[in-house]
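Let us take a friendly walk through a protein model. Have the sequence and the 3D view open, and follow along one stop at a time.

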Amino acid sequence: KPGEQKHPKEPSSLQCMHLAVVACGDRLEETLIMLKSAVLFSNRRLCFHIFAEDSLKPEFEKKLKEWPSSYTKKFESNIYPITFSVGNAQEWKKLFKPCAAQRLFLPVILKDVDSLLYVDTDVLFLRPIDDIWHILKEFNSTQLAAMAPEHEIPKIGWYSRFARHPYYGTTGVNSGVMLMNLTRIRSTQFKNSMIPGGLTWEEMLYPLYQKYKNYITWGDQDLLNIIFYFNPECLYVFPCQWNYRPDHCMYGSNCRGAEEEGVSILHGNRGVYHDDKQPTFKALYEVIRDFPFEDNLFQSLYYPLQSKFLDTVHTLCGRIPQVFLKQIEKTMKKVYENRVIVYLGANHRY
């Protein structure tokens, strides 16, 4: 309005919830569906940090621009090349899955970012990112990262049965969803098994990899487990509903948090969105993929999901549909209520 004073905006990086992902090979669609789930439900503005092979960059830019403006105004995105600041780049690139080791270098590359949520490409948000972002405030003075356990039950956990290197806690941690205070990571001296004193994050990565490379199976996740084995006071462990994987339901239901509250973040590892081994995971992926942005969430997302779930009740994970639906239903009700309140508010102004 004429004559109205404009207040200087705080830098967008402070208002943003920062989300990082690393995409190589055939992970373009999966990454876009993950970003879509983030934008669909989140309240605060998002800053996407997408690390991608050069061949994928134009495609990411094109696809994100195609989203309707009511959604594109909710985020800004930066696309970066794959780079490793220490050691042999080719060696890092081949570690476990293509480019996955890039996540280890986020504190070094994103120097201006204070805190960040890193997720794998095969993750889906079933509630606002705002809710996991709040966990940063729960960190005590020594904690600088948060992950969920790799398993709830040691006797069927991978690390507790097979690991040939140190790992965090009784079952290790899974790095597919990792909340990080990058400022703290950059300023901490980490205890390690190589020298008596501490090392910075960047100094530690390559020697640690060299020391354990013949013993690690899961690449960068194993390195993170080794780091937090020596620095357990630095890790906040969040419950399994924030990183819910097929392992949580295929051996019987073993994630109590999800039974009580519903799944908050779904992690379809082992390619389950793309085969028929876990139809419940695939159903969620396909419904979010096919959701037309401007449509009604209940009509075009929740109802199709319910009917797809009816076809999966014969499977181990499908026997507990409420675990998958509870949080998403809650989230949609909130979105709907907010819209009604905003709409009524706008109409009552005059």
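Helices (H or I, at least four residues) and strands (E, at least two) are DSSP runs, and they are numbered from the N terminus. With that naming in hand, you can find R270 in the loop between β9 (265-267) and α14 (279-290). Keep in mind that you are looking at a predicted model.

R270 is a good place to begin. Its phi angle is near 60 degrees, a positive value in a residue other than glycine. Is R270 buried, exposed or partly exposed? Its relative accessibility is 49%, and exposed means over 50%, so R270 counts as partly exposed.

Stay in this loop for a moment, for Q278 is also found between β9 and α14. Unlike the partly exposed R270, Q278 is buried, with a relative accessible area of 9%. Which residues does Q278 touch, once its neighbours within four places in sequence are left aside? They are P246, M250, V272 and C317.

Now step back to view the whole chain. The protein is divided into domain 1, residues 15-237, and domain 2, residues 239-344. The C-alpha centres of the two domains lie 23 Å apart. Where domain 1 and domain 2 meet, 33 residues of domain 1 and 34 residues of domain 2 take part in the contact.

Next come some pairs of helices, and we can start with α14, which follows the loop we have just visited. Helix α14 packs with helix α15 (residues 297-310) at an angle of about 155 degrees, and their axes are 10 Å apart. Angles over 145 degrees count as roughly antiparallel, and α14 and α15 are therefore roughly antiparallel to each other. Their crossing is right-handed. On the α14 side, the contact is made by T280, A283, L284, E286 and V287, while α15 brings L301, P304, L305, K308 and F309. Sorted by class, this contact of α14 with α15 has seven nonpolar, one polar and two charged residues.

Our next pair is α10 (residues 201-212) and α11 (residues 220-230). How do these two helices pack, and at what angle? The angle is about 110 degrees, with the axes 10 Å apart. That makes α10 roughly perpendicular to α11. The crossing of α10 and α11 is right-handed. Helix α10 makes the contact with W201, M204, L205, L208, Y209 and Y212, and α11 with L223, L224, I226, I227 and F230. By class, the contact of α10 with α11 has 11 nonpolar residues, with no polar and no charged ones.

The last pair is made of helix α2 (residues 28-41) and helix α3 (residues 57-66), which pack at an angle of about 35 degrees, with their axes 11 Å apart. Here too the crossing is right-handed. L28, T31, L32 and L35 of α2 meet E59, F60, K63 and L64 of α3. The classes in this contact of α2 with α3 are five nonpolar, one polar and two charged residues.

Let us finish with three buried residues, beginning with C234. Look for C234 in the loop between α11 and β8 (235-237). It is buried, with a relative accessible area of 4%. C234 touches T142, Q143, L144, A145, F190 and F228, not counting residues up to four places away in sequence. The chain also brings A146 into this picture: C234 and A146 are 88 residues apart along the chain, and their C-alpha atoms are separated by 8.7 Å.

The second is L126, found in the loop between β5 (123-125) and α7 (129-133). At 0% relative accessibility, L126 counts as buried. Its contacts, leaving aside neighbours within four places in sequence, include F41, V263, S264, L266, L284, I288 and F324. You have already met L284, as one of the α14 residues in the contact with α15.

The third is M332, placed in helix α16 (residues 321-347). M332 is buried, with a relative accessible area of 1%. Which residues is M332 in contact with, apart from its neighbours within four places in sequence? They are L297, F298, L301 and Y302. L301 may look familiar, as it is one of the α15 residues in the contact with α14.

Key:
Residues are numbered from 1 along each chain as its sequence is written. This is a predicted model: local features need pLDDT of at least 70, side-chain atom pairs count only at pLDDT 80 or more; totals for chains, interfaces and linings use all residues. Side-chain values use heavy atoms; hydrogens and water are left out. Axes are lines fitted to C-alpha atoms, for helices over the stretch in contact, and angles run from 0 to 180 degrees between N-to-C directions. Angles under 35 degrees count as roughly parallel, over 145 as roughly antiparallel, 65 to 115 as roughly perpendicular and the rest as oblique. A crossing is left-handed if the near helix is turned anticlockwise from the far one by less than a right angle, and right-handed if clockwise. Contact means heavy atoms within 4.5 Å. Ala, Val, Leu, Ile, Met, Phe, Trp, Tyr, Cys and Pro count as nonpolar, Asp, Glu, Lys and Arg as charged, and the others, Gly among them, as polar. Buried means under 20% relative accessible area, exposed over 50%, partly exposed in between (1.4 Å probe, protein chains only). Domain bounds come from an automatic or database domain assignment.
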